[in-house]
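Dear colleague,

Please find below the structure that I agreed to pass on to you. My notes on its contents follow directly after it.

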Amino acid sequence: MSQKDLYEVLGVTREADDKALKSAYRKLAMKYHPDKNPGDAAAEATFKEVSVAYDTLKDAQKRAAYDRFGHAAFQNGGGGGGQHGFGSEFSSSMSDIFEDIFGDFMGGQQGGGRRERSSATRGSDLRYNLEVSLEEAFEGQTVDIDVPSMVGCDTCSGNGAKPGTGFSACGTCQGHGKVRAAQGFFTIERTCPQCHGRGETMDQPCTDCSGQGRRQESRSLSVDVPKGIEDGTRIRLSGEGEAGMRGGPAGDLYIFISIKPHDLFQRDGADLFCRVPISMTTAALGGEFEVPGLDGARAKVKVPQGTQAGQRVRLKTKGMPVLRSQQIGDLYIQMDVETPQNLSKRQRELLEEFNEITTNDNNPTSNGFFSKIKGLFEGLGDGK
């Protein structure tokens, strides 16, 4: 029984190049694939013929032998079992079709079933915790920091190879990065154990970085802390993380900002708050005092007569600047009235005398409160 011409099976001429072979193969394989033609024995047979034809003609040595001797080149044991060595060649073709059809989606590169691989990998991102004072957050500062990280090796220029040497295609996988083992109808593919999937091996590793292309070092960097930066803000410095392996791109450095507690001010967004204790007499008679601002200037605060504990005074535009804005927050001064302690005999006499001449008008809040309590007590008495 005569066998079909392999070029006719693929529908190409004998002058077809590798690109034309692959294009014809992909179209036919997709058309006659068993998954698209369930239960169709004729389609399955055609699919096998197409796969075997392409697997033979894509190999330069096999194609040359076929062009010269025809099917006889693979007979008498040359094929290794069946028509054109169907057992191994078809399983290899099955692996190729998935690589060809889905290779781009998975990030591979077309090229006759062989993928070029790079040993370069991106470096890791780094985190640095930077604590700044409230004054530095108010003014904005340029802060110098030392970051321990992996940096590119100057000796080998980051490629990991000893100067004067280079890389060679892996002898185990011939540069594919993967090795295949046929088991009956199926082909098992795994990462090459020799090159770990890179497709190439280093002739001699760099003695300074042991072939990694990078080494540990502490770097000095300047970080611009903008005005108005808030606690928890993250600053990203692109490319300032760890150097990549064997010349790969560097990762990023993330600066996490925390604000130190201040002795005088508490912050809430762009507003500042300050609690100031004042004497009972100042609260009653009124007065004034000064508070220092973060801008270095002093601000006068007037205390109105009859100021109550917890009462606030607002100083406009004396707070924090708003990040990346021209706006400025406010400063709120809270009055904490301090009760006199450690009274002398004379001071006590004066306070007792003052208490005797105090009227309800002097303490309207407390008198109103106790009047309500008195009314509640009277109501309870009436209910008995």
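**Salt bridges and a mixed sheet**

Glu 240 is partly exposed, its relative accessible area being 25%. Please bear in mind throughout that this is a predicted model.

The partner of Glu 240 is Arg 219: the two residues form a salt bridge in which the closest N and O atoms are 2.8 Å apart. This contact joins distant parts of the chain, since Glu 240 lies in the loop between β8 (234–237) and β9 (253–259), while Arg 219 belongs to strand β7, with their positions 21 residues apart. Is Arg 219 buried or exposed? Arg 219 counts as buried, because its relative accessibility is 16% and the cut-off for a buried residue is under 20%.

Strand β7 (residues 214–225) also contains Arg 215, which is paired with Asp 154 in the loop between β2 (141–152) and β3 (167–169); these two residues are 61 apart along the chain, and the pair again links distant parts of it. The salt bridge between Asp 154 and Arg 215 has its closest N and O atoms 3.4 Å apart. With a relative accessible area of 62%, Asp 154 is exposed. Arg 215 is partly exposed, at 26%.

A further salt bridge brings together the side chains of Asp 5 and Arg 14, at 2.9 Å from N to O. Arg 14 is partly exposed, and its relative accessible area is 41%.

Some of these interactions extend beyond single pairs. Arg 122, Asp 125, Arg 236 and Asp 252 are connected by salt bridges into a network. How many salt bridges does the structure hold? The total is 19.

I turn now to the sheet. Four strands make up an open sheet with mixed pairing, and their order is β10-β11-β15-β14. At its edges are β10 (266–268) and β14 (312–315), each of which pairs on one side only. From one strand to the next, the twist averages 30°.

Within this sheet, edge strand β14 pairs with β15 (residues 331–338). The sense of that pairing is antiparallel, and it runs over four bridges. Which residue of β15 stands opposite Val 313? That position is taken by Ile 333.

When you open the model, you may wish to begin with strand β7, where Arg 215 and Arg 219 are both found, and then proceed to the pairing of β14 with β15.

With kind regards

Notes. Residues numbered from 1 in each chain as written. Predicted model: local features only at pLDDT ≥ 70, side-chain atom pairs only at ≥ 80, totals over all residues. Heavy atoms only, no water. Pairing = 2+ DSSP bridges. Axes fitted to C-alpha atoms, helices over the stretch in contact; angles between N-to-C directions. Salt bridge = Lys/Arg side-chain N within 4 Å of Asp/Glu carboxyl O. Buried < 20%, exposed > 50% of the residue type's maximum accessible area, 1.4 Å probe, protein only.
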